[in-house]
Amino acid sequence: MSHLSHRPASAIVGQSQRHESATEHVTGTALYTDDLDQRFTGVLHAYPVQSTHAHAKILNLDTTGASAIPGVVRVITAADIPGVNDQGAKHDEPMLPTDEVMFYGQPVAWVLGEDLEAAKAGANTINVEYEPRQSLITIQEAIAAQSFHGMSPKIEKGDLDGAFADAAHIFEGDFEFSGQEHFYLETQNSLALIDESGQIMIHCSTQHPTETQGIVSHVLGIPAHQVTVQVLRMGGGFGGKEMQPHGYAAVAALGAVLTGRPVRVRLNRTLDMTMTGKRHGFYATWRIGFDAEGKILALDASLTADGGWSLDLSEPVLTRAMCHIDNGYWIPNIRVLGRVAKCHKTSQTAFRGFGGPQGMLVMEDILGRVAPQLGIDARELRRRNFYTQAQDTPYYQPVRHPERLAVAWQQVLESAEIAQREAEISEFNARSEYAKRALALTPVKFGISFNLTAFNQAGALVLVYKDGSVLLNHGGTEMGQGLHTKMLQVAATALGVPIEKVRNVPTRTDKVPNTSATAASSSSDLNGGAVKDACEQIRNRLAPIAAGLLGVSSHDVRFGNGRISALGKSQELSWEKIVQEAYFQRVQLSAAGFYRTEGLHWDLSQMSGCPFKYFVYGVAASEVEVSRFDGSYTLRRVDIVHDVGDSLSPLVDLGQIEGGFVQGTGWLTLEDLRWDTSDGPGRGRVATQAASTYKIPSFSEMPEIFNVSLLDKAHEDGAVYGSKAVGEPPLMLALSVREALRQAVAAFGPDGCSVELASPATPESVFWAIESVREHGGAKDKRQ
């Protein structure tokens with residue numbers, strides 16, 4: 001067992017602790033960026049002037065009318081930017097356009113007012129003359145126009161032609177599916193102010209404060225040490241605050257520089273939904289071959305991601321989708337081609353799972369469609385193709401612990417009484433003409449680490465005060481996922497003190513620099529490793545002091561539960577006494593910790609290597625009941641077994657699994673993201689731009705029975721205290737809901753029919769799928 005993963009007997013990690021801000025959340029005392037403007041005087045409010053075309057040349061921008069509006073202080077245009085006019089990851093995303101707009105709703109100017117209403121009124125007076133240009137709104141339009149940007153990666157392994165020649169069964173098809181709106185509770189929000197030295201302080205709802213700092217720095221043309229970004233907490237992020245906040249923070253900072261007053265940028269819901277990126281929609285084509293026993297021999301697939309108008313994070317999202325098309329299945333011969341479509345709509349961005357869900361959805365859709373044509377139960381077809389020992393991925397990474405997937409699968413079969421319930425479902429369907437039930441199991445194998453190896457590092461700062469209290473600052477941000485709670489538990493465990501001794505403070509770039517985004521499900525691994533390192537530095541300085549007082553070797557000193565003891569000694573010392581003694585001996589009581597993930601190597605040009613530290617496994621069984629009349633459905637029961645290693649905080653992890661599953665169910669069955677594709681004046685406009693037109697899951701969509709278990713005996717050597725990531729992988733467990741809907745639809749048709757199901761599988765889509773199987777016997781996959 002590695003030093004990093006070893007867990008002491010008196011560990012605080014592993015205990016079910018409530019969220020560190022739970023009381024503040026439910027009492028309303030928790031502060032968010034949106035609450036801070038009331039604490040400053042003279043705050044100006046910013047409001048955007050949005051483009052009314054999806055693609056157009058700017059002929060003239062007349063801002064003179066705004067100055068006549070009472071309360072308007074300043075209009076910001078591209079001409080006011082002193083540094084680099086760019087807010088993107090690839091330097092292809094102007095913060096404010098100079099001559100061309102690229103999506104409907106793009107901000108072309110910002111108005112600063114004494115209050116929001118004045119700024120809004122000023123924005124309404126600004127006149128922009130456009131010369132409309134051809135716009136591409138859908139993936140299919142972009143493909144037809146050969147409109148792509150970025151790289152075109154390829155994964156290739158084995159002898160594809162030979163495998164297809166040997167295949168007993170070959171199928172081919174295509175599949176297009178939609179993206180997803182983040183719909184975090186707190187919209188994009190930044191507040192910038194300048195102190196007497198010219199230092200810019202930005203309070204921002206961002207998952208990546210270091211990158212926010214960097215973007216503001218180069219937009220203003222000043223060094224990074226003049227910009228400090230602080231994150232109190234976020235009301236949700238889900239990837240939507242990894243890249244998207246930077247431009248809004250830069251607008252606030254620029255406004256503060258130009259006026260000398262604090263500036264607040266806060267998007268309302270409609271602005272947020274029309275201006276920010278979404279989960280990438282994809283279009284996939286595929287050809288797959290099986291042997292006579294239903295084992296996958298070959299897969300030839302292409303994935304086209306809808307990137308929107310600029311690259312943002314589309315390239316790493318695409319490559320992660322390509323690396324997850326295998327999900328939990330061994331594909332010995334494979335070729336996957338990828339590309340990013342350039343369309344005239346919001347620049348699509350990170351979203352929980354970061355391309356992994358899209359790749360896995362393609363594979364699960366293939367298996368769900370072809371299983372009836374193979375004459376094999378879909379559940380059995382999936383099981384037959386699970387990874388086993390000594391097999392590797394399409395990008396040549398060995399798959400460690402594949403047996404955990406089989407164990408989780410079996411545990412769900414037994415604990416959820418699958419065989420008995422499937423018999424009951426058959427009886428129900430036989431006697432029910434207008435409603436059908438189905439139950440589906442799907443697996444998850446998800447790789448953990450950032451695609452870019454350099455991002456797999458983290459820092460922390462730990463301060464111990466003379467009274468023994470501990471202050472913790474780390475590079476991760478809190479968006480409700482419980483990261484701060486876990487880090488408190490890690491610090492308390494590493495120092496051997498009660499958790500009440502440790503306080504976590506807001507994330508700040510002037511305390512822990514050069515941090516990576518809180519993303520990729522890696523934040524507990526990375527920041528936990530850094531926190532543990534800092535705490536162990538301090539503990540190692542204290543051990544000789546305790547050893548001297550106890551009369552033993554420092555190797556025999558033990559820390560735990562706020563007491564310091566020694567092997568073979570009955571005497572104990574308090575934590576406070578040792579800390580005080582260290583102070584009087586002039587021993588440093590603070591430490592900067594650091595962690596880097598070892599063992600990663602990745603050749604992006606060849607799409608091969610070991611990009612992931614480990615894989616997370618999970619299995620979900622979902623049962624649905626579908627109405628023939630309108631396609632509406634009820635999620636009757638869900639059973640999940642999920643691998644989180646040795647959990648750092650079980651209560652937090654259970655919440656993450658439940659939340660991720662429900663969010664995935666929303667993406668796959670409810671959240672119908674639409675753009676206006678007509679040739680009218682609204683072409684390119686986001687049509688689903690409010691809660692009234694965009695449906696997210698609520699209590700009514702929760703399963704009637706929801707059982708979640710953590711996989712036993714799943715220690716992960718080489719990860720902090722043996723734990724595993726939990727943020728993103730549970731979202732893909734919701735694939736079981738979509739597959740259950742497919743099977744329920746099939747029950748309305750003849751035996752053995754293949755169902756082609758749209759994604760999201762809304763009640764409307766389910767209804768038309770039912771009509772198809774009743775009239776035509778289901779989808780007609782091309783079969784060779």
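**Close-up 1. Helices α5 and α6 meet in this predicted model.** From α5, the residues in contact are E211, T212, I215, V216, V219 and L220. From α6, they are H246, A249, A250, A253, L254 and V257. By class, this contact has nine nonpolar, two polar and one charged residues. Helix α5 covers residues 209-220, and helix α6 covers residues 245-259. Their axes lie 9 Å apart. The packing angle is about 45 degrees. The two helices are therefore oblique to each other. The crossing of α5 past α6 is right-handed.

**Close-up 2. Helix α9 packs with helix α17.** Helix α9 spans residues 356-374, and helix α17 spans residues 735-746. The axes are 11 Å apart, at an angle of about 25 degrees. Angles under 35 degrees count as roughly parallel, so α9 is roughly parallel to α17. The crossing of α9 past α17 is right-handed. On the α9 side, M360, L361, E364, D365, G368 and R369 make the contact. On the α17 side, L735, R738, E739 and R742 do so. The residues of this contact divide into three nonpolar, one polar and six charged.

**Close-up 3. Helix α15 has buried residues along one face.** The helix runs over residues 575-584. W575, I578, V579 and A582 are buried in α15. Seen down the helix axis, the buried residues of α15 fall within an arc of 100 degrees, so they line one face. The spacing rule behind such a face is general: an α-helix has 3.6 residues a turn, so residues three or four places apart point the same way. After α15 comes R586, with a positive phi near 60 degrees.

**Close-up 4. Y583 of helix α15 touches K466.** Y583 is part of α15. Its relative accessibility is 41%, so Y583 counts as partly exposed. Residues up to four places away in sequence aside, Y583 touches K466 and L589. K466 and Y583 are 117 residues apart along the chain. Their C-alpha atoms are nevertheless separated by 6.8 Å.

**Close-up 5. A cis peptide bond joins S759 and P760.** Omega is about 10 degrees at this bond. P760 sits in the loop between α17 and α18. Helix α18 covers residues 763-776.

**Close-up 6. Q146 has a positive phi in a loop.** Phi is about 55 degrees, although Q146 is not a glycine. The loop lies between α3 (139-144) and β7 (154-157). The relative accessible area of Q146 is 54%. Over 50% counts as exposed, so Q146 is exposed.

**Close-up 7. S521 has a positive phi and is buried.** Phi is about 60 degrees, and S521 is not a glycine. S521 lies in the loop between β20 (507-508) and α14 (523-550). The relative accessible area of S521 is 12%. Under 20% counts as buried, so S521 is buried.

Note on methods. Residues numbered from 1 in each chain as written. Predicted model: local features only at pLDDT ≥ 70, side-chain atom pairs only at ≥ 80, totals over all residues. Heavy atoms only, no water. Axes fitted to C-alpha atoms, helices over the stretch in contact; angles between N-to-C directions. Helix = DSSP H or I, 4+ residues; strand = E, 2+ residues; numbered from the N terminus. Parallel < 35°, antiparallel > 145°, perpendicular 65-115°, else oblique. Left-handed = near helix turned anticlockwise from the far one by under 90°. Contact = heavy atoms within 4.5 Å. Nonpolar A, V, L, I, M, F, W, Y, C, P; charged D, E, K, R; others polar. Buried < 20%, exposed > 50% of the residue type's maximum accessible area, 1.4 Å probe, protein only. Arc of directions from axis to C-beta.
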